[in-house]
Amino acid sequence: MLLVYAIILFAIGALGGLVMAVMHFRSRSAPQALLAAVHGLFAAAGLVTLAWAVVKVGGNQGAAIALGLFLLAAVGGFTLLSFHLRGRALPGALVIGHGLIAVAAFVLLLVSAMALGA
């Protein structure tokens, strides 16, 4: 059941991330701070939930790999935040890379949850 909660949290976070990415590539302006905070909070909550599921409850190997990918995406997210806080333009390649890694992790998590019957 924890995997389902993690999926829901990541899905909500992904919606915010998609909106911010579209805003970035359409207008080249920084995204709204509130939207970025909500995106980060939902993603962090999903990450903690997934980590709990993998470490304490025991997920499958796919869930563990998804956790590693989400951690990598989080590093990218913190890097993007650092650019924003320093008033620097967000690198488009980093925005795309962050999103692609998160999407790959999300798909892997979905497949893993289905394999476990969650």
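# Exercises on a four-helix chain

Among contacts in the chain between residues at least 6 apart in sequence, 66% join residues at least 24 apart. The model is predicted, and the exercises below work through its fold, helices and selected residues.

## Exercise 1: Overall fold

Task: State which elements the chain holds and in what order they run, and decide how its radius of gyration compares with that of a compact globule.

Solution.
1. Count the elements: the chain has four helices and zero strands.
2. Read them from the N terminus on, which gives α-α-α-α.
3. Take the radius of gyration: a compact globule of 118 residues would have a value near 13 Å, and the chain has 14 Å, so the two agree.
4. Take the extent along the principal axes: the C-alpha atoms fill a box of roughly 45 × 25 × 20 Å.
5. Take the surface: about 6900 Å² is accessible, and carbon and sulfur atoms account for 76% of that area.
6. Take burial: 30% of the 118 residues count as buried.

## Exercise 2: Helix spans

Task: For H1, H2 and H4, compare the end-to-end C-alpha distance with the span expected at 1.5 Å a residue.

Solution.
1. H1 covers residues 2–27, which is 26 residues, and reaches 38 Å from its first C-alpha to its last, close to the expected 38 Å.
2. H2 also has 26 residues and should span 38 Å; the distance between its end C-alpha atoms is 36 Å, which agrees.
3. H4 has 25 residues and an expected span of 36 Å; its end C-alpha atoms are 36 Å apart, so the values agree.
4. Past the end of H4 comes Gly117, with a positive phi near 75 degrees.

## Exercise 3: Buried faces of the helices

Task: List the buried residues of H1, H2 and H4, and name what packs against them.

Solution.
1. In H1 the buried residues are Leu3, Ala6, Ile7, Leu9, Phe10, Gly13, Gly16, Gly17, Met20 and His24. Their cover includes helix H2 (33–58), helix H3 (61–85) and helix H4 (92–116).
2. In H2 they are His39, Gly46, Leu47, Thr49, Leu50, Ala53 and Val54. These residues pack against H1, H3 and H4.
3. In H4 they are Val95, His98, Ala105, Phe106, Leu109, Ser112 and Ala113. The partners here are H1, H2 and H3.

## Exercise 4: Aromatic rings

Task: Find how many aromatic pairs the structure holds, and classify the geometry of Phe10 and Phe70.

Solution.
1. The count is one aromatic pair.
2. The ring centres of Phe10 and Phe70 are 3.7 Å apart and the planes meet at 5 degrees, so the pair is stacked. The cut-off for stacking is planes under 30 degrees apart.
3. Locate the partners: Phe10 belongs to helix H1 and Phe70 to helix H3, 60 residues apart, and the pair links distant parts of the chain.
4. Check burial: Phe10 and Phe70 are both buried.
5. A further ring, that of Phe83, has Arg86 over its face, at 5.0 Å from the ring centre.

## Exercise 5: Two residues of H2

Task: Decide whether Thr49 and Ala53 are buried or exposed, and relate each to a residue elsewhere in the sequence.

Solution.
1. Thr49 is placed in helix H2.
2. The relative accessible area of Thr49 is 16%, so Thr49 is buried, the limit being under 20%.
3. Leaving out residues up to four places away in sequence, Thr49 touches Leu2, Tyr5, Ala6 and Leu9.
4. Between the C-alpha atoms of Thr49 and Leu3 the separation is 7.5 Å, with their positions 46 residues apart along the chain.
5. Ala53 also lies in helix H2. Its relative accessibility is 5%, so Ala53 counts as buried.
6. From C-alpha to C-alpha, Ala53 and Met1 are 8.6 Å apart in space, and 52 residues apart in sequence.

Definitions and conventions:
Residues numbered from 1 in each chain as written. Predicted model: local features only at pLDDT ≥ 70, side-chain atom pairs only at ≥ 80, totals over all residues. Heavy atoms only, no water. Helix = DSSP H or I, 4+ residues; strand = E, 2+ residues; numbered from the N terminus. Expected span 1.5 Å × (residues − 1). Buried < 20%, exposed > 50% of the residue type's maximum accessible area, 1.4 Å probe, protein only. Contact = heavy atoms within 4.5 Å. Phe/Tyr/Trp six-rings, centres within 6.5 Å; stacked < 30°, edge-to-face > 60°. Lys NZ or Arg CZ within 6 Å of the ring centre and 35° of its normal. Rg over C-alpha atoms; globule rule 2.2 N^0.38 Å. Areas by Shrake-Rupley, 256 points an atom, 1.4 Å probe, with all protein chains shown as cover.
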